[in-house]
Amino acid sequence: MTETVAGREIGSARRRSEDARLITGRTQWTDNLQLPGMCHVAFLRSPYAHARITGVDAAEARQRPGVVAVFTGADLADEQGSLPCAWPVTEDMRHPDHPPMAVDHVRYVGEPVACVVARDRYAAADALEAIDVDYEPLTPVLDMEQAVADGADLVHADLGTNSSYTWVFENGDLDAALRDAPVLIERRYVQQRLIPTAMEPRAVVCAPEGDGFTLWSATQIPHILRLMLATVTGIPEHRLRVIAPDVGGGFGSKLQVYGEEVLALLLARRLGRPIKWTESRSEGNLTVHHGRDQIQRLTLAAERDGTIRGLKVDLLADMGAYLMLVTPGIPLLGAFMFNGIYKMDAYSFTCTGVFTNKTPTDAYRGAGRPEATFAIERLMDELAAELDLDPIEVRRRNWIRHEEFPYDTIAGLTYDSGNYEAATDKALHLFEYDTLRAEQADRRERRDPVQLGIGVSTFTEMCGLAPSRVLGSLSYGAGGWEHASVRVLPSGKVEVVTGSSAHGQGHETAWAQITADRLGVPFEDVRVLHGDTSVSPKGMDTYGSRSLAVGGIALVNACDKVVDKARRVAAHLLEAAEEDLEFTGGRFSVRGVPDQARTIQEVALAAFAAHDLPDGVEPSLDSDATFDPDNFSFPHGTHLCAVEVDTETGFVRIRSYVAVDDVGLVVNPLIVEGQVHGGLAQGIAQALYEEAVYDAEGNLTTTTMADYLIPSAADLPHFVTDRTETPATTNPLGVKGVGEAGTIASTPAVVNAIVDALRPYGVRDVPMPCTPERVWRALNEQEGSA
Amino acid sequence: MPRVRIKVDGVTYEDEVEPRLLLVHYLRERLGKVGTPVGCDTTNCGACTVLLDGLSVKSCSVLAVQADGREITTVEGLGPGGELHPMQRAFHTEHALQCGFCTPGMIMASIDLLRENADPSEAEIREGLEGNLCRCTGYQNIVRAVRRAAEEMRQAPEREVTS
């Protein structure tokens with residue numbers, strides 16, 4: 001089934017078509033839009049983490065110059081509905097109402113309570129100061145463990161609990177695995193809260209147009225957003241057009257239906273004129289959904305030779321104040337991944353979703369899988385240390401060997417393919433593992449104040465989200481298919497329409513490469529269209545490393561339909577039997593008579609003119625197709641990180657980083673390498689730099705880029721990247737997906753390296769982010785207690 | 001309201017502006033120079049970097065009135081007549097951008113970096129671009145692009161970078 005033979009375009013490092021507009025500033029960011037009569041919106045946001053609203057006085061604001069209208073939550077209460085959660089993970093999941101604008105309660109700092117519509121953004125911001133809101137402060141709930149204890153204050157009093165749901169997966173006899181286990185590793189790890197921080201702030205413009213509305217948004221999900229806007233507001237779906245123009249990164253943060261998007265639509269309807277809102281970065285840090293935020297309690301049982309018996313996982317996952325689009329499901333994407341690449345006989349996973357008075361959480365690059373991968377890869381290093389084994393060796397003794405695929409895992413998935421041995425061998429060689437181990441031993445011997453640590457992460461992940469039937473079995477609200485259509489124009493040029501919605505991934509280039517090969521047309525003759533529900537009417541959008549593994553295959557199917565139809569037409573034109581035609585390089589020729597041929601462009605023109613089509617064949621070669629995968633895809637790889645840790649200052653420097661990834665067949669190696677680099681940067685940032693911090697009153701203290709530290713060029717090392725190529729067997733291209741791999745793999749590699757450096761000092765964990773202070777404290781608290 | 005006269009990408013504009021109007025908002029909303037985006041509100045991200053009399057500034061931290069009588073080059077003015085600046089070409093060739101939102105600022109900051117140091121090492125490039133944040137690329141290809149552009153520009157030093 002798998003075709004691994006690369007064509008002339010697939011596999012080539014095409015420079016991206018998208019770049020032409022991006023490097024010259026001829027871009028179409030949502031905030032660029034200026035429409036006649038357009039008004040700007042500014043939101044007044046709650047300064048309290050938890051409070052009752054007892055009064056709002058907007059009279060003075062309405063009188064301010066340039067102000068067109070002011071609305072409070074109460075003004076919109078009858079029409080604003082409740083923001084959607086499309087993933088009710090259990091039947092008894094508690095799902096509170098989530099008005100786009102708060103009416104009588106606020107439950108996190110930054111929740112909108114009123115808005116000003118004005119002629120320009122300065123006037124709108126000025127008038128916010130003139131709105132008076134009376135609050136009766138309530139006790140904020142900020143700590144997950146306290147939140148689920150008896151007698152806790154409640155985020156939603158009417159629910160009677162701060163627990164949204166408890167979701168359980170069990171396989172094998174875990175009690176037996178734990179009973180009398182020769183080795184038990186018990187740990188508590190914290191996945192700190194992160195802020196996705198796409199470089200483009202959120203922005204939305206909504207304009208009444210004809211008998212409907214057009215809404216432009218910096219979103220990853222124009223199709224899902226359109227359906228959800230219709231559901232929330234009651235405006236019929238066919239009266240809504242959603243456009244995602246150039247979108248400046250997402251990383252999951254724009255996989256959302258935000259209150260501001262709903263409100264822009266409602267305000268445009270109320271006022272009958274275009275409405276624009278663009279967030280400031282500090283506003284965004286408060287209100288873009290956050291990621292991660294889990295407390296993990298883990299127990300790994302093993303034999304003395306390192307063979308794993310079983311794994312027990314108990315999670316508390318912070319939902320924040322409300323459930324947003326897929327909030328409750330995010331930690332469950334990790335449920336199938338805590339076992340990693342390892343064989344074991346028993347596994348138990350329990351996750352409780354907890355409400356707190358913080359910004360809601362939802363998907364952030366990796367979404368559940370980085371958390372799981374961190375846990376298992378940290379545990380494997382701890383197991384190695386406990387048994388005095390090399391961390392590579394303990395992994396070898398447990399991982400699925402390449403000849404054992406396809407393999408049914410303890411978490412209920414079937415890994416179709418992989419070769420962990422090959423990726424690891426390549427990584428060890430590039431890393432010069434033995435040389436670095438020798439240097440480490442030498443530094444330890446010398447008691448060098450700068451110690452060397454080596455961290456290993458042999459990860460896998462599930463991506464290509466997702467088989468619709470699997471999503472259905474997990475109570476997800478939609479399917480996981482993708483759509484593509486191919487339009488072969490009369491001139492022979494080709495338009496490709498994809499339901500994926502690119503925001504930096506390079507679809508316009510990669511999709512043209514696939515099309516060029518499948519149809520045998522020049523790369524330059526293909527134009528890729530996306531991100532507008534009027535142009536691309538069907539789609540499930542971009543997230544979960546699904547674009548190529550699902551949307552790319554839909555495109556392959558659509559191209560194959562074009563060729564099938566063109567073959568019928570060509571056979572008719574050539575007066576030959578279809579089975580006697582060969583199709584290579586965009587040309588149908590009669591086998592054995594190469595001069596008798598028609599190019600696909602000639603066939604397209606004939607199909608357009610329709611003067612001489614076979615009976616029953618409709619004009620045009622256009623096609624469309626969907627693809628719904630049978631299984632997830634499972635990229636994997638081996639990442640090795642060497643750090644130098646200054647034991648006097650706690651400062652960590654990444655000395656070298658090697659990433660060998662196996663993402664199956666590669667359409668464009670340049671794009672793949674770029675995705676790996678960027679993924680590594682975000683995973684390393686979780687290990688070393690980033691954390692959304694709340695104070696004791698529930699104020700986010702990391703609202704700016706001066707406080708929330710996304711790494712600069714000076715904070716990151718040069719990466720050595722390479723690949724092995726084990727094709728996926730579950731799709732005709734053999735592709736797997738690469739968008740999240742680097743982020744999933746790198747966090748444990750870095751933390752393992754830091755702990756490895758400090759293990760001789762008795763350190764066995766450093767909480768993330770591993771700032772100099774935390775590293776220093778880990779070291780000195782150990783020495784103090786020793 | 002104060003009146004300003006500012007040359008932007010080779011064209012001189014005269015406008016009345018509020019004293020508090022940020023240069024980046026003047027460029028984007030008054031002149032339609034939307035190629036220069038805004039990524040933060042604390043001067044950390046550098047997406048809005050332009051050249052002010054040939055030196056890089058973050059246009060979110062300059063008032064339009066401060067640019068009175070001066071000359072601005074944005075990413076839109078780098079390649080007069082459709083020709084690309086060597087830095088733009090290098091960003092394309094080395095795949096130094098993904099979503100592209102930081103790219104205008106990154107390109108302008110990189111041009112200023114080479115003005116100060118025509119042959120920077122990798123470490124000097126990383127230090128020199130510390131004020132420009134990218135969330136997509138991990139910076140590795142940006143470093144490569146700046147080195148490529150530096151090499152090309154050293155071979156053709158006569159090239160004028162401002163319009």
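**Figure 1. Surroundings of T458(A) in strand β18 of chain A, in a predicted model.** Strand β18 covers residues 450–460, and T458(A) is part of it. T458(A) has a relative accessible area of 1% and is therefore classed as buried. The side chain of T458(A) forms a polar contact of 2.8 Å with the side chain of Y342(A). Beyond four places in sequence, the residues in contact with T458(A) are I341(A), Y342(A), E377(A), R395(A), W399(A), T424(A), G637(A) and T638(A).

**Figure 2. The annotated segment, residues 24–139 of chain A.** An unreviewed UniProt entry gives these residues the annotation "domain: Aldehyde oxidase/xanthine dehydrogenase a/b hammerhead". In the model, the chain over residues 24–139 is 15% helix and 30% strand. The C-alpha atoms at the two ends of the segment are 51 Å apart.

**Figure 3. Cysteines C39(A) and C134(B), neither in a disulfide.** The search of the whole structure, over all chains, returns zero disulfides. For C39(A), the nearest cysteine sulfur belongs to C115(A) and is 11 Å away. C39(A) has 0% relative accessibility and so counts as buried. For C134(B), the nearest cysteine sulfur is that of C102(B), at 3.8 Å. Because a disulfide requires two cysteine sulfur atoms within 2.5 Å, this pair is not counted as one. C134(B) also counts as buried, because its relative accessibility is 6%.

**Figure 4. Helix α20 of chain A, residues 741–758.** The helix has 18 residues and, at 1.5 Å a residue, should span 26 Å. Its end C-alpha atoms are 27 Å apart, which agrees with that expectation. α20(A) is mostly covered, with 18 of its 18 residues buried.

**Figure 5. The largest nonpolar core and the contacts of W167(A).** The core has 201 residues, and those touching the most other members are W167(A), F338(A), F349(A), Y657(A), I754(A) and F91(B). Helix α11 (residues 369–387) of chain A supplies the largest share of this core, nine residues. With residues up to four places away in sequence left out, W167(A) touches V89(A), T90(A), L332(A), A335(A), F336(A), F349(A), T350(A), C351(A) and L474(A). Another core, of 48 residues, lies apart from the largest one and includes L519(A), V556(A), F583(A) and V667(A). In soluble globular proteins, nonpolar side chains tend to be buried together.

**Figure 6. N117(B) in the loop between α3 and α4 of chain B.** The flanking helices are α3 (103–116) and α4 (122–128). N117(B) has a relative accessible area of 23% and is thus partly exposed. A polar atom of the N117(B) side chain lies 3.1 Å from the backbone nitrogen of D119(B). V34(B) is 83 residues from N117(B) along the chain, and the C-alpha atoms of the two are separated by 29 Å.

**Figure 7. Side-chain polar contacts of R121(A) with D31(A) and E29(B).** R121(A) belongs to helix α4 (residues 121–128) of chain A. Its side chain makes a polar contact of 3.2 Å with the side chain of D31(A). The side chain of R121(A) also makes a polar contact with that of E29(B), at 2.4 Å. Neighbours within four places in sequence aside, R121(A) is in contact with D31(A), H40(A) and T278(A), and with H25(B) and E29(B) of chain B.

Methods
Residues numbered from 1 in each chain as written. Chains lettered and ligands numbered in written order. Predicted model: local features only at pLDDT ≥ 70, side-chain atom pairs only at ≥ 80, totals over all residues. Heavy atoms only, no water. Helix = DSSP H or I, 4+ residues; strand = E, 2+ residues; numbered from the N terminus. Buried < 20%, exposed > 50% of the residue type's maximum accessible area, 1.4 Å probe, protein only. Polar contact = N/O pair within 3.5 Å; in protein donor to acceptor, adjacent residues only side chain to side chain. Contact = heavy atoms within 4.5 Å. UniProt positions renumbered as here; feature names shortened; annotations may be inferred. Expected span 1.5 Å × (residues − 1). Core = buried A, V, L, I, M, F, W, Y, C linked by side-chain atoms within 4.5 Å.
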